[in-house]
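Here is a short tour for a reader new to this structure. Keep the sequence and the 3D view side by side while reading.

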Amino acid sequence: MDQQILPLILASSWAFLIAIFAVPSIIRVAHLKNILDRPNGRTVHEELTPRLGGGAMFAGFMSALTIFADLNNGVQQLLAGCIMLFFIGLKDDLINISALKKFAVQILATGIVIFMADIRVTSFQGIFGVGELEIGTSYAFTFIVVIGITNAINLIDGLDGLAGTLVAIAASAFGVYFYMYGGPAYGNYAAVAFCLVGGILGFLRYNFRKATIFMGDTGSLLCGFILSVLAIQFIEMRVVPAAPSVALGILFIPLFDTIRVFVIRILKGSSPFVPDRNHIHHRLLSMGLSQTGTVLTLASINLSVILFVVSLGVWGNLTMIIALSAFSVLLGVFLGVYKSSSAQNISKA
């Protein structure tokens, strides 16, 4: 066996075991203390359910990474940011806090990885003729990337197993790339990715339909933040053709859903941050798909997009981004047309 892969297997297995054994205890305590998520007009679940699953993922991920991984090249600062986001997410899951407070902590966590670890996007790699970025532009763009991906995962967490499945797919894709091409400079991010995968899989054992626990903000903020750093380091590795467009493809469904709902809310004259039932999983449920069918459909779409960008990266960033944008428009139009048809049928009935 490859000596480099054994530590990754051990790390991922450790994270999986810690998470899968921690979840039942968290469920039991949540029910005893009545720390439960109550159904409302936007949620799909119908029963009181704990939403502290992120605690098990955090325990598995953090313990595995600190035991088995090299914490250099920004991983130590990544862990510091994860700890901050874990506790603000935990507080929100317990007592609900304002979006402003959560955003402030996201800014602090992002600042740690950007300024202390110098993790940032330094080049557009020729997209629209733009190469290396000025330092101020680099910091600003990286801030948008981290905050955007972090909240995209938070927003897609609306069905049993959905966010966890998409995170596991994305982290696995990044992990394979870091394992194959990371070398001394970025190879330790393979451990980051596979520790996250292990923690997610342990949690998903209890999160698929019918879920007995949700990841909550504790988990979604943590997963989104880690994926954002993986995406940035993947782009900066610069050994993969059309790396920026490949990163977009790996995170396609969460990013597509976030951009789509924000655009729709703005066109309606609403705040883009006002929650509604217009996410892509809501649209698929309205088509008659089950929760499990919706999760599998979205996972299949994301996997198909990943295969597309990986296979055709030689086309170059601009061509790939145009192709992804065209597919996004077609998918968005399809969802919109179906919604309109459904509304007309209901009115006629």
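## Glutamine 125 and its loop

Glutamine 125 has a relative accessibility of 24%, so it counts as partly exposed. Burial would require a value under 20%. The model is a predicted one. Glutamine 125 sits in the loop that joins H4 to H5. Its backbone stands out: phi is positive, about 55°, although the residue is not a glycine.

## Helices H4 and H5

On either side of that loop come two helices that meet. H4 covers residues 99-116 and H5 covers residues 135-156. Their axes come within 10 Å and cross at roughly 130°. H4 and H5 are therefore oblique to each other. The crossing is right-handed.

Which residues make the contact? From H4 come Phe103, Gln106, Ile107, Thr110, Ile114 and Phe115. From H5 come Tyr139, Thr142, Phe143, Val146, Ile147, Thr150 and Asn151. By class, this contact holds 8 nonpolar and 5 polar residues, with no charged ones. The spacing of such contact residues has a general background. An α-helix has 3.6 residues a turn, so residues three or four places apart point the same way.

## Helices H8 and H9

A second pair is formed by H8, residues 188-204, and H9, residues 216-237. The axes come within 11 Å and cross at roughly 150°. That angle makes H8 roughly antiparallel to H9, because the cut-off for that label is over 145 degrees. H8 passes H9 in a left-handed crossing.

On the H8 side, the contact uses Tyr189, Val192, Ala193, Leu196 and Ile200. On the H9 side, it uses Cys223, Ile226, Leu227, Val229, Leu230 and Gln233. What classes do these residues fall into? There are 10 nonpolar residues, 1 polar and no charged.

## Serine 220 in H9

H9 also holds serine 220. Is this residue buried or exposed? Its relative accessibility is 0%, so serine 220 counts as buried. Leaving out residues up to four places away in sequence, serine 220 touches Thr150, Ile153, Asn154, Asp157 and Met215. Thr150 has already appeared, as one of the H5 residues that meet H4.

## Beyond H9: arginine 238 and H10

Arginine 238 lies in the loop between H9 and H10. Its phi is near 55°, a positive value in a residue other than glycine. With 37% relative accessibility, arginine 238 counts as partly exposed.

Helix H10 spans 243-250. Of its 8 residues, 7 are buried, so H10 is largely enclosed by the rest of the structure. The buried ones are Ala243, Pro244, Ser245, Val246, Ala247, Gly249 and Ile250.

## Helix H11

H11 covers residues 252-267, 16 in number. How far apart are its end C-alpha atoms? They are 22 Å apart, which agrees with the 22 Å that 1.5 Å a residue should give.

The buried residues of H11 include the aromatic pair Phe252 and Phe256. Ile253, Pro254 and Val261 are buried too. So are Asp257, Thr258, Arg260 and Arg265. Just after H11, glycine 269 takes a positive phi of about 85°.

## Helix H6 and tyrosine 179

H6 runs over residues 162-181 and has 20 residues. From its first C-alpha to its last it reaches 29 Å, close to the 28 Å expected. In H6, 15 of the 20 residues are buried, so this helix is largely enclosed by the rest of the structure. Glycine 183 follows H6, and its phi is positive, near 65°.

Tyrosine 179 belongs to H6. At 26% relative accessibility, it counts as partly exposed. How far is tyrosine 179 from proline 254? The two are 75 residues apart in sequence, and their C-alpha atoms are 24 Å apart in space. Proline 254 is one of the buried residues of H11.

## Threonine 66 in H2

Helix H2 takes in residues 54-68, and threonine 66 is part of it. Threonine 66 has a relative accessible area of 42%, so it is partly exposed. Glutamine 76 is 10 residues away along the chain. The C-alpha atoms of threonine 66 and glutamine 76 are separated by 9.1 Å.

Methods:
Residues numbered from 1 in each chain as written. Predicted model: local features only at pLDDT ≥ 70, side-chain atom pairs only at ≥ 80, totals over all residues. Heavy atoms only, no water. Axes fitted to C-alpha atoms, helices over the stretch in contact; angles between N-to-C directions. Helix = DSSP H or I, 4+ residues; strand = E, 2+ residues; numbered from the N terminus. Parallel < 35°, antiparallel > 145°, perpendicular 65-115°, else oblique. Left-handed = near helix turned anticlockwise from the far one by under 90°. Contact = heavy atoms within 4.5 Å. Nonpolar A, V, L, I, M, F, W, Y, C, P; charged D, E, K, R; others polar. Expected span 1.5 Å × (residues − 1). Buried < 20%, exposed > 50% of the residue type's maximum accessible area, 1.4 Å probe, protein only.
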